[in-house]
Structures are given as C-alpha cells and as structure tokens.
Amino acid sequence: KLFRQQFPRDWVDYETRVTSAAHAACALAPRVYGQIEVAGRCGILLERIAGPSMLRELPRRLYKIGQYGRMLADLHARIHAQGAVGLPTQYDRLARDIQSAPHLPPGQRTAALQALENMPRQDVLCHMDFHPDNVLLTPGGPRVIDWMNSCTGSPWADVARTYLMLRIGEPLEVTFKVRLLLLGRGWLRNAYMNRYRGLRPDAGGEFAAWLPIVAAARLADR
C-alpha cells in the first residue's frame, strides 16, 4: 500500500502499527511485513489478499444481498470475539472526533461527549470502518482490510458505525447497478442487524445508546 507523497510519514508508521496489532488479534486482518519506499512514496508491505470486495460484487449478485448481509454480521462478530493489545481506545478516538467535528453545534457536542462519558468501557477488538468495500471475497474465505481506525472498545459502537454507513452512506459513482444496490441496501442492512443481534443479543439497548454518539463523531470525517 503506497501513500501519496503529501501524506505524513507518521501516518504510515501508525497504520503499520495498528494493522500489525489487528492481525495479531484476528486472522481476518492482513499480515504486515514491514515498510517500503517506491519512487519517493512511503508504503506498507502487506500480505496480498486476492479477491473482489463485497461492494463490487453486490451489484452483480443482488440475489445474494441477504446472504452478504449475514456474512457481514458473522465477520463482525468474529472480530468482536477478540481482545487486542497495542491499539488506541475507542473512547479516546470518539472523544477526539466529537471535539473536532466542524459543523456540530456546541450543545450537541456537549451532549455527545456527556453521553460518551456515561457509556460502559469495554476492550474488545473493533474495526470502526467495517463496510462491504473493506471485505474482500477470496477463494479461501472473506478477509477484512483497512484497519486504520481499529481500536479497543464496545462492539455495539462499532456496529452502530457500520449501521450508519449502510443507512446513509453515498457512493462516489452512481451507475445503474449502484442505483439498484441503493434500492436494496435496506435489505442488506436488516440482514446484517438481524444476524448480529442473533449472535450477540443486545439486552441492555447499547446499540440505540451508541447511535447518536457515533453519528456525532462521524461528522469529523466531513
């Protein structure tokens, strides 16, 4: 993975560290072999994972949309079954993003930070950018890439972020097939949520409590 020249070197170092920590905790993440420089560009030497992303396959296989939603939930639950060391905390990441979100009104910023403070702290492995374009479908089974946002925290905060992306995320390019996918994404989202709740029941209502907190933090991504 080569970074553009304007990317700071410490970003490369950071992604190297967190991806290594994620792989040590969960085999779904790629193995990291070190860093490399090509034509003045810094990069990370990663295990090659060959296969299309789930997002790329979905418009071609809309009849599998429910199956893919359940697969997303299965993979997410596998991630959340692991602990990890060497990763930042979800609390610190969310607090930083809420503080820096440029268009969040002051009252809502304060409310989101207070709600975050009141949530229970957990220490399971979380991806925090888990969506169909970060799942690669390989002959040996699905794998998960792009662990830059990984941290330790609550699995339901991680699920809430995925839910929001599946509900309101917009594609960069809208083709006819993508329009079909947008029409059917509610099916994908429902299949994902129903399966995940079946695997990890939410008796305490944590998902609903995390939604506004994660939404506020998401505004930091502009």
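Me: Which residues does leucine 211 touch, not counting residues up to four places away in sequence?
Reply: The model is a predicted one. In it, leucine 211 is part of helix α8. Its C-alpha atom is separated by 9.8 Å from that of aspartate 158, which is 53 residues apart from leucine 211 along the chain. Leaving out residues up to four places away in sequence, leucine 211 touches Ala160, Tyr163 and Leu164.

Me: Are the helices α4 and α8 oblique or roughly parallel to each other?
Reply: The axes of α4 (residues 90-100) and α8 (residues 206-218) come within 7 Å and cross at roughly 55°. Angles under 35 degrees count as roughly parallel, and 65 to 115 as roughly perpendicular. The two helices, α4 and α8, are therefore oblique.

Me: Which residues of α4 and α8 make the contact?
Reply: The axes of the two helices, α4 and α8, come within 7 Å. On the α4 side the contact is made by Gln90, Leu94, Asp97 and Ile98. On the α8 side it is made by Trp210, Ile213, Ala216 and Ala217.

Me: Against which elements do the buried residues of α4 pack?
Reply: The buried residues of α4 are Gln90, Arg93, Leu94, Ala95, Asp97 and Ile98. Helix α8 is one of the elements they pack against. The full list is α1, α5 (106-118), β3 (124-126), β6 (151-153), α6 and α8.

Me: How many residues apart are the parts that the pair of aspartate 221 and arginine 161 ties together?
Reply: The side chains of aspartate 221 and arginine 161 form a salt bridge, 3.4 Å from N to O. Aspartate 221 sits in the segment after α8 and arginine 161 in helix α6 (residues 155-168), so the pair ties together parts whose separation in sequence is 60 residues.

Me: Is arginine 161 buried or exposed?
Reply: Its salt-bridge partner aspartate 221 has 40% relative accessibility and counts as partly exposed. For arginine 161 the relative accessibility is 8%. Buried means under 20%, so arginine 161 counts as buried.

Me: Which residues are linked with Arg161 in a network of salt bridges?
Reply: A search of the whole structure finds 11 salt bridges. One of them joins aspartate 221 and arginine 161. The network that holds Arg161 also links Asp129, Arg218 and Asp221.

Me: What is the N to O distance in the salt bridge of lysine 1 and glutamate 15?
Reply: The side chains of lysine 1 and glutamate 15 meet in a salt bridge. This pair links distant parts of the chain, with lysine 1 in the segment before α1 and glutamate 15 in helix α1, 14 residues apart. Lysine 1 is partly exposed at 45% relative accessible area, while glutamate 15 is buried at 6%. The N to O distance is 2.8 Å.

Me: With which residue does arginine 121 form a salt bridge?
Reply: The closest N and O atoms of this pair are 3.4 Å apart. The partner is partly exposed, with a relative accessible area of 41%. Arginine 121 forms the salt bridge with glutamate 117.

Me: Which strand gives the largest share of the nonpolar patch?
Reply: The patch covers about 430 Å² of surface and is made by Leu2, Tyr33, Ile36, Val38 and Leu45. Leucine 2 belongs to the segment before α1 (9-25) and is partly exposed at 36% relative accessible area. The largest share, 3 residues, comes from strand β1 (residues 32-38).

Terms used:
Residues numbered from 1 in each chain as written. Predicted model: local features only at pLDDT ≥ 70, side-chain atom pairs only at ≥ 80, totals over all residues. Heavy atoms only, no water. Patch = residues over 30% accessible without salt bridge, like charges linked within 9 Å, V, L, I, M, F, W, Y side chains within 5 Å. Areas by Shrake-Rupley, 256 points an atom, 1.4 Å probe, with all protein chains shown as cover. Salt bridge = Lys/Arg side-chain N within 4 Å of Asp/Glu carboxyl O. Helix = DSSP H or I, 4+ residues; strand = E, 2+ residues; numbered from the N terminus. Buried < 20%, exposed > 50% of the residue type's maximum accessible area, 1.4 Å probe, protein only. Axes fitted to C-alpha atoms, helices over the stretch in contact; angles between N-to-C directions. Parallel < 35°, antiparallel > 145°, perpendicular 65-115°, else oblique. Contact = heavy atoms within 4.5 Å.
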